[in-house]
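User: I am a first-year student and would like to work through this structure one question at a time. Could you explain the reasoning behind each answer as we go?

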Amino acid sequence: MPIADILPASGIKVIAAVSSKKRLFHDLGDMAEACFDLDQNLVIEALLERENLGPTGVGQGIALPHARLPGLSQVCGLFLRLKKPLDFDAVDRQPVDLVFALFAPEEAGVSHLKALALVSRTLRDEGICAKLRANEDPSTIYTILTEASAAHAA
């Protein structure tokens, strides 16, 4: 599964600053409503609930918030680049500036895990992260992410 299958070109945003993790989840809720016609309050609640189980900041400035939602037919994602890094309670205590959120159907088993693994593998590449951090144009960021995942899949 390539990233292009889960991330629409309209699902990328560069944000100057966000004041808190909760505010970030509100932004993701707004985007999920616009991109996938999901209930933004449901998205925010699901992300907060998942985050309460343990932080999704995986280290090196990357966060992978994710949640299962009713009404979804397939895994979908959104990407945010924060110009001002945000404290995310990451495992390495570093602030986060790259956020890839994933939403999966409630019944999704393997597809959710495969999507998380794909995104994680892609964002572990320091060269890709450097390119993402050096760009502010959403279409360029989309190209970097989708070409990177295609290369990793090959």
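User: Where along the chain is Met1 placed, and is Met1 buried, partly exposed or exposed?

Analyst: In this predicted model, Met1 has its place in the segment before β1, the strand that covers residues 12-15. The relative accessibility of Met1 is 43%, and the class called partly exposed runs between the 20% limit for buried and the 50% limit for exposed. Met1 therefore counts as partly exposed.

User: How far apart are the C-alpha atoms of Met1 and Lys83?

Analyst: Along the chain, Met1 and Lys83 are 82 residues apart. In space, the separation between their C-alpha atoms is 29 Å.

User: Which element gives the most to the lining of the largest pocket?

Analyst: The largest pocket has a volume of about 160 Å³, and its lining consists of Ala46, Glu49, Arg50, Leu53, His66, Ala67, Arg68 and His112. At least two of these residues come from each of α2 (40-53) and β4 (66-69). With four residues, the element that gives the most is α2.

User: How many residues of that lining are nonpolar, polar and charged?

Analyst: Among the residues that line the largest pocket are Ala46, Glu49 and His66, and each kind of residue is put into one class: Ala counts as nonpolar and Glu as charged, while His is among the others, which count as polar. Sorted in this way, the lining divides into three nonpolar, two polar and three charged residues.

User: How far is Arg68 from His112, taking their C-alpha atoms?

Analyst: Both Arg68 and His112 belong to the lining of the largest pocket. Arg68 is found in strand β4 and, with a relative accessibility of 38%, counts as partly exposed. Although Arg68 and His112 are 44 residues apart along the chain, their C-alpha atoms are separated by 8.7 Å.

User: How many disulfides are found in the whole structure?

Analyst: A disulfide is a covalent bond between the sulfur atoms of two cysteines, and the search counts a pair of cysteine sulfur atoms when they lie within 2.5 Å. Across the whole structure, the number of disulfides found is zero.

User: What is the distance from the sulfur of Cys35 to the nearest cysteine sulfur?

Analyst: Cys35 is in no disulfide, and at 24% relative accessibility Cys35 counts as partly exposed. The nearest cysteine sulfur belongs to Cys76, and the distance to it is 8.8 Å.

User: Which residues are joined into one network by salt bridges that share partners?

Analyst: Side chains of opposite charge can pair when their charged atoms come close. Lys21 forms one salt bridge with Glu51, with 3.0 Å between the closest N and O atoms, and this pair links helix α1 (residues 21-36) to helix α2 across 30 residues of the chain. Lys21 also meets Asp89 in a salt bridge, at 3.3 Å from N to O; Asp89 lies in the loop between β5 (76-86) and β6 (96-105), so this pair ties together parts that are 68 residues apart in sequence. The salt bridges with shared partners join into one network the residues Lys21, Glu51 and Asp89.

User: Which member of that network is partly exposed?

Analyst: A residue counts as buried when its relative accessible area is under 20%, so Lys21 at 15% is buried, and Glu51 at 9% is buried as well. The relative accessible area of 48% puts a further member in the partly exposed class, and that member is Asp89.

User: How far apart in sequence are the parts tied together by Arg81 and Glu136?

Analyst: Arg81 forms a salt bridge with Glu136, with 3.8 Å between the closest N and O atoms. Arg81 is buried at 6% relative accessible area, whereas Glu136 is partly exposed at 45%. Since Arg81 lies in strand β5 and Glu136 in the loop between α4 (126-134) and α5 (138-153), the parts tied together are separated in sequence by 55 residues.

User: Within what arc do the buried residues of α4 fall?

Analyst: The buried residues in α4 are Ile128, Cys129 and Leu132. Seen down the axis of α4, these buried residues line one face of the helix, because they fall within an arc of 100°.

User: Which exposed residues does α4 carry on the face turned away from its buried side?

Analyst: One of the residues on the buried side is Cys129, which counts as buried at 4% relative accessibility. The face turned away from that side carries the exposed residues Glu126, Lys131 and Ala134.

Technical notes
Residues numbered from 1 in each chain as written. Predicted model: local features only at pLDDT ≥ 70, side-chain atom pairs only at ≥ 80, totals over all residues. Heavy atoms only, no water. 1 Å grid on protein atoms, 1.4 Å probe; cavity = no way out; pocket = protein on both sides within 12 Å on 5 of 7 lines; lining within 4 Å. Points joined across faces, edges and corners; volume = space filled by probe spheres on them. Helix = DSSP H or I, 4+ residues; strand = E, 2+ residues; numbered from the N terminus. Buried < 20%, exposed > 50% of the residue type's maximum accessible area, 1.4 Å probe, protein only. Salt bridge = Lys/Arg side-chain N within 4 Å of Asp/Glu carboxyl O. Arc of directions from axis to C-beta.
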